[in-house]
Structure formats: structure tokens, C-alpha cells
Amino acid sequence: MAGTEGITQQELNNSTGETRDETDSRKNDYLQSKVEGKALSKEEKLKLRKEKKQQKKNKKDDKGPAKEEKAKKPVPVMDGQQAQQQRVVKRLPEHIQADDPAVLKKVAKKLERQQIPLRSDYGSKVSLFSHLHQYSRKAPLTQQMSIPSTVIHPSIVHLGLQYSQGIIAGSNSRCIALLHAFKQVIRDYATPRNEELSRDLVNKLKPYISFLNQCRPLSASMGNAIKYIKKEISNVSSNIKEEEAKTTLQNCIDKYIEEKIHLAAKAISKSAFEKISDGDVILVYGCSSLVNYILCDAFERGRKFRVIVVDSRPRLEGRETLRRLVKKGLSCTYVLITAVSYMLPEVSKVFLGAHALLANGYVMSRVGASQIALVAKAYNVPVLVCCETYKFCERVQTDSFVSNELDDPDDLIVTRKGKTELQNWQDIPSLRLLNLVYDVTPPDFVDLVITDLGMIPCTSVPVVLRVKNVDQ
Amino acid sequence: MLLLILMLSVMELQAVVMAAGGGSRMMDLTYSMPKPLLPVGNKPLIWYPLNLLEKIGFEEVIVITTKEVHKQMNIDTKMKLEMVCIQEDADMGTANALRHIQQKIKTDILVVSCDLITDVALHEVVDLFRAHDATLSMLMSKTHEFTETVPGQKGKKKTGEQRDFVGVDSSGKRLLFMANEADLDEELVIKKSIMRKHPRMHIKTGLVDAHLYCLKKSVVDFLADNKSITSIRGELIPYLVRKQFSASTNSQKTKDDSEKNQKKTDLKTPDIHISSKDEDLLDLAREKSCWNDHRGDMSDAYHGGKLRCYVHIMEDGMCYRVNTLAAYIEANRLAPKVFSEEFPIHPTAEISEQSMVGADSIIGAACHVSEKSSIKRSTIGASSCIKEKVKITNSIIMNGVTIEEGCNIQGSVICNQAVISRGADIKYCLVGSGQCIEAEGSCFTMGPLINCNIPFLLSVAGCPGEAGSYQLHKALEAAVN
């Protein structure tokens, strides 16, 4: 099996960045010449045209090797100028290539080999997002599997179902549930003869991870947790007995949760406490377990503040936040995101949770968070993002289109007084429903990131990642 | 080889088929043949639940049955059937049967009754069980009106059976309330605790309980401790449904409390085989998740209750429990349409060219159908012999029956080894096993003819308490005339 398979979310989209640089420089030249009043000679025009053509060809060649199994093929050198573009092309992850039949075939083959059913897409997609998968909650993956699941461990099947139905949602919660399921798997694992635990267990986990990926695309927190587990398993020495190894692994998992989630939450809460002053009006969006923890903790320690909970359809997660905060005793206001610019003049701070922090400083969070950050910036309200370091991700993304998740489009349909207007939306050929899950907020809109390593600006995220990699 | 490596040592669900019941509501059929072996569409009744389990992927099934059934059972299936025989006259309740096999049960179970004929997508029921970590998940279906005339009954059947009141929440999945009309006096009493948690409850009465239950292993262990519960449907299920809202299961538990409570034999936190530390982890994951199954009040998901019961109500599709004569006839009519994979006419049957066999009839193996006979909308069992000029409509003929020439059979059920002599005219009757109707005899809508040979009037007829013994008397009179 190719070693680079699995959940490496390490694709760097540098290729497109570089070509953009080249065209930019050439564009600058052209503009400059225009500004200087020089008309472009025929030769220069021809040259430009030729270069453009070659670049287009180059791009096609880039995509070609990217889809092959051995992805390290260098770009064929076309010209003297293209020699600068010789670089290694990294593979794009499969889950954002849903419109590429070659990739789909490859994925189908892999799943067939692992005996996992393939989940089929549902409904017509908006063309801009046709490279992402869109599944229906009414067609769970278990429909195509045998009922006492023999290939996948039962706790993984339970987990996959809970993910796809949204019962476990939120990056911390998903990560903890995943680690819990892995603990069960490890507990029930028995090393077959002539195999080593360190290698066999990792191979056992691969189909489970594919299964979970089919149920719902993995989050960054889950990806990092899986990387950690795999590393720990591979580091199990072959001398120790199986029982000991299993206990060690389970303890590693417990330690990971304790350190990266619990203690991190406590540290973040402590830092955040300094930032919350008496009389503050704090705006939160959606339901972030970390932000809820911070607010409840600050309230318990005696800070006097009130909270404005902003919510958005179709998930309406803000209701959960509202319920939990009011249960604790905080005074809350509840608005929908459409009213945010009306509420912002009263707000003193905005606290946002994050799904992941990307390597270029962008914050990936629930769709709508970037809107809140944008409006807050317009009103000069500070935006603080709270995120544990284990959610830091080496991916680079500048827009919300390239890598996102499409939720069930039927969630957008509303039934009022027994009538569902959009019930047969699929019959209308020109209608598409789009239910995005995530969006990315640029670092210019984020004033501070509170992590367990301290309070850092958004641009220091790559430093943290570099330090983490050095440690490991 | 690769397949072996991917198989698990951990089983998720064990299937248990209850085939020891006596079929007390259709004694006319079951006095001579045990219920699991009654032919429906020329397959024994127990084939249908076993087929359902085999289709979804079960490989091992525990079948609880009597020795008699075990001897006669001959099911062609790829699954490994583990037969557990219990005494026939012990009259064990279904819960007692589960208690009997408690040692074999290592994980959660799926209990199916042998008389269930359905084409439900079973993953709907099991997914509720898995996703919500439920203690009980069951299947119900909307009742269908029986359209066929049942032999032995005058006019339309009254709902003599007691209705079931089933209360579900607004999503239609969570089971809140279950009571049978027989247990209620004049009022339906709903506890306030249920209404506080679920202000909107839909109460349905037109539902058929399919007797298909997913139960957690802790329930089986609980049954082993609580010997007072004898029947799953009658006692265990209502108990579990009530227990969801009982105060003791819902109080905020600290570790000490849960230890104290576990000393009692009450069913508390369903603690399966996971250690308490892992249970904490799962609770933590749920706590941090931004999901709630209800809204409008201040409680957590599931109102903090650990015991949850779910139901999947089938809207369309087939779901029959063959426990009455009417259901048996209806099932015979419809089951073959859904389940027959082979030819409706068995290849070894000999059918003469001049006979007419309708498209919706089923002929069993090694049958003989002679010329000028017409068979419409009927089922003929194996090794039966139909002579010339016989007209069979809307009937069920079981195995080894001989029907002499010129007979006219309509809307009837003829059981095994019966002999219908020449020219008999049988309408809407049930002829018992091994009986003989005399030549030129005519029987008409009077009811089951059991244990009597018409010409000889050897009334061994008195199977005491048999349904229709009065009608039997009348039928004898009519037949003699």
C-alpha cells in the first residue's frame, strides 16, 4: 500500500501560487509598458501569447501527474522561463475531487478492497462546489453494509452513524468520540500470529478511517489525533507483551485527551479570563465547546458580563449555546446572523471558536464566522479566536471554495403549517441548494488567537507548527 | 485469506428467533402442525424471518424451538442455525426462553418472532439502536386491512383484539408510551413526567407490533435477575418504556449513587462491557457536542436519561405477523409476490396442458395437476394430486393433499394429507389435517372441519376449547343434510 495514503492533509497549493507569481510579473511588465506609452510590438504580443499558451499547457501537465499514484513526477520543462517552475507536485486529497472520474474510480477501488461501501452523492450541486461530495442523511452508509458489521468494529460503525446524523458534532467532541472508539478497537484487538502489533494495528485502522471519512469528512482535529495515534502505535516496541502494549496505547490516548483538550481548555480559559472585563458585552457565534467553557468559567470566577449569541440557519447551533449559558446563569441575548450589524455597536468583544487554524494564519470555522469577523472589523470590535494547538493544521487555504464540506441540502427545506414548498426541489432543473459547513476568515480580521501556548497573533501559527514539528 | 484478516472477533449483534410458540390463535391450523412449519407460499413460516436475517448479513442465528419442530425442520440456508430445544408443554414465555439461553448471549441481541413476514430495511431499526445508544429498538407497522374472506367467520372480522396505544414523540422515533387496551380500565393515564419532557406526543392505535426487538445485553442480564418477567412483549417492553421516565433512572448520578443503585436489581445505567472510564469519555464527547434531540427546555440531550427506547414505524412495505387465520391467508396471498425467487410453478410439478394455472398461483414440488383443472390465486403444496375438472380458487392447499375429479374448492384452506373425494364442493372452509371429505359432499361457510370424518361421524371432534366447536356442530348438521 502506498505509504502516503491516509489522512495527510499536507497538500500545499504552491503550484498555483507560483504560476500566479509569474503571470503577475509579466502582467506588471505589460502594464508598465502601457504606462510608459510604449505600444507593444507585434513580436512582443506574439511572445506574450506563446507564453500564455505554454502556461496553460503547463497547468494541464500539473494536474496530470497530480492524479497519478506516484505523485512525484516533475513538471516537464517547456521553456527557459518555465525552468523556474520545476517543483514537486503534491497530491490533492480525494475528498475535494468529487468531479474527477479518475479519482472517483481510484477511491471506489480502494474502498472495495477494504470492503467498505461507497456512499453516493445526492442531489444536484452548485457548479462552484461540484468538486465536493454532497450526501443525504436519509441514505446512511449502513444501508449497504451487513447488519452485524463484521468488517468494521461495532464502535466505529456507531461512531460513523453518529457523525453522519450529526449527533456528535463539533471538532472537540468528534475528536474525543473518535479516540473513545479507538480505545474500544485497541481493547478488542488481538495480534494475529506472525504479525507485529505496531504494524498490524495501523493497517487495521486504515479501513476504519476510510469508513469514517465516508460517513463524514474528517475534521482537522481528528486528522491530528489519528496522526498521533499512528505514531504511537508504530513506536510500540516489539519486545513488550500484547496486553502491556494495549494498556500503554490506551493510556496514551487518555493522556492526549487530558493534555490537548482538558488542560488546554483550562489554560485558554485562564488567558481569556484576563481579556474579559466587568461590564463587557461579548458576542459569540454558533456553538463552540471551548468558548462556552471559557464563558462559564469566567462567570464562575466572578466576572460580570453579558453575552450576545448569534445563530444561523440551518443548523441553529446557537440555541444550544443559549441553553447552556442560561442554565449557568449568564444573561444572554439571542439574534440571528442577519441582525449582527444591528447588535455590533453594543458589543465590546467577539469570541469565536475555530475548527482549525491553517498554516497561513487563516481561521477555518463554521460558515458565518468570517462574516461576523468582517462586520466586527468594520465596527472596530476586537475579534478573539480561541483554539487549542492540536487543531493547528499544515494546510494552506485562502478561500472557502477549495476545501469545504457540503451538508445535506434537504436541511434547508422548511415545513410551515404542513406545507413544504421545496419538497421536490430536485425536479426544478435550474435550482440548486447549497448547504456549506465551513468558511475561512483571513488573519486581518482576527486580532488575537488564544491558545494553550499563550496569546499569539494569527500570523504566528506557522511558527507554532514549526516548533511542534521540531518537538516531534 | 484477506477476508479472514478483516473478520472481527467482536460481534455486534446476535440474532435469536423465537419459534416455540404454539400459535394459540389459530389452533385450527396448528393443532396438527407446529406454527413455525406452516407453509406460506410453499415455504415454512420460519423461512421468512431466517431469510430476512440472512439477507442482511447475519451468519449465525439462535433458534429457540421445540423438539418436534427441530425434527421436522428442513430449511435451506447458508447461516449457521443453533437450535435450542425447550419442552413443548413447558409453555415458556418468550422472556423465559431468553433467560434459558442467557449463557449463549455475549452481546446485544435482535429478537425476531418466527411468524414475522416482512421486507423492512432492517438497518432503520438497528441504526436507531446504534446511533442513540438505545436500550430497546423495535419495529412497528401500519395495519393493513385484511381483504380476504376467512373461512369460519361470518361477515367482517370485528376488532376483537385489544388495541395497543403507542405514544411517540414529534420526531416519530422515540417511544414514549405503550399500553394495551386490556390493561386499561376506562382511561389512558400518562404520567406528568413524560408530558413535562415531551409536551408533544403522538398516540397511535393502528399499529402492528412486528415483534422484532433489538435489546442491549444488559437487558438480558436484567431478565436473568428478575425472574418475574415472563413475556417480552407483554411485560418487558412496557416495563422498559415506563422505566425511561422513572425518577430513579434520571436523577443526577454521581459515582457513589450509581454504585449504590447497582446493588438493586433495577435496570439502571445500561453498562455493557465498557469500563466506567470509557463511559465517561463517551459522556464527555456528548456533552461537548452541539446536538440536542429536543428543544424548548433547559435539559441536555435525551433529558439526561440513560434508558432510551426507540421505534421504527414502517409506512409502506409488507409486515405481517402470521398469528391468526386471517393473517395466514393474507400472507399466503402476498408473501409469494415479494419473496418468490424461483418459478411459481416448481419444475418438478407435472401440469397437463389442458389445465389452467393462473399467474398468481404457486404449485409445489412433485405435484400432479390433471387436465381441465383450473387453479386461480391459490397455493398448492408439495406432492399434492389434483385430478381432472377441479376448480380451485383463492385457496391454500397444503402438502400431500389429494383432490379427486370434479371438485370445486373456493376460498378454503386444506391442510396436509387431506383427501377431498369426487365432486365435493367446498366453499370458505378449513379442512383439517388428514381429513377426508366424502364424495359429493358439500361444505359451506360453516367453519373449520376438524377431526371429523364426515361420513362416519367419528367425532373425535372435541378438541376442548377449540375455536368454533359450535360452528363445527352446525357444519356437521349441514354436511349430513
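Between domain 1 of chain B and domain 2 of chain B the count of salt bridges is 0, a result that belongs to a predicted model. Across that interface, however, 2 residue pairs are found in polar contact, both at pLDDT 80 or more.

On the side of domain 1 of chain B that touches domain 2 of chain B, the elements that give two or more residues are helix 2 (27–30) and helix 13 (325–339) of chain B. Helix 13 of chain B gives the most to this side, with 5 residues. When the residues of this side of domain 1 of chain B are divided by character, 9 are nonpolar, 6 are polar and 3 are charged.

The two domains themselves come from a domain assignment of chain B, which places them as follows.

| Domain of chain B | Residue ranges |
|---|---|
| Domain 1 | 10–152 + 161–248 + 305–334 |
| Domain 2 | 344–437 |

To the contact between them, domain 1 of chain B brings 18 residues and domain 2 of chain B brings 20 residues. The C-alpha centres of domain 1 of chain B and domain 2 of chain B lie 34 Å apart.

How much area do domain 1 of chain B and domain 2 of chain B bury between them? The area is about 1400 Å², and 59% of it lies on carbon and sulfur atoms. Of the area that domain 1 of chain B buries against domain 2 of chain B, 37% is supplied by B:Asn42, B:Pro151 and B:Arg333, which is more than any other three residues supply.

Methods: Residues are numbered from 1 along each chain as its sequence is written. Chains are lettered from A and ligands numbered from 1 in the order in which they are written. This is a predicted model: local features need pLDDT of at least 70, side-chain atom pairs count only at pLDDT 80 or more; totals for chains, interfaces and linings use all residues. Side-chain values use heavy atoms; hydrogens and water are left out. Domain bounds come from an automatic or database domain assignment. Contact means heavy atoms within 4.5 Å. Buried area is the accessible area (1.4 Å probe) that two parts lose on being put together, summed over both. A salt bridge is a side-chain nitrogen of Lys or Arg within 4 Å of a carboxyl oxygen of Asp or Glu. A polar contact is a pair of N or O atoms within 3.5 Å; within protein, one must be able to donate a hydrogen and the other to accept it, and residues adjacent in sequence count only if both atoms are side-chain atoms. Helices (H or I, at least four residues) and strands (E, at least two) are DSSP runs, numbered from the N terminus. Ala, Val, Leu, Ile, Met, Phe, Trp, Tyr, Cys and Pro count as nonpolar, Asp, Glu, Lys and Arg as charged, and the others, Gly among them, as polar.
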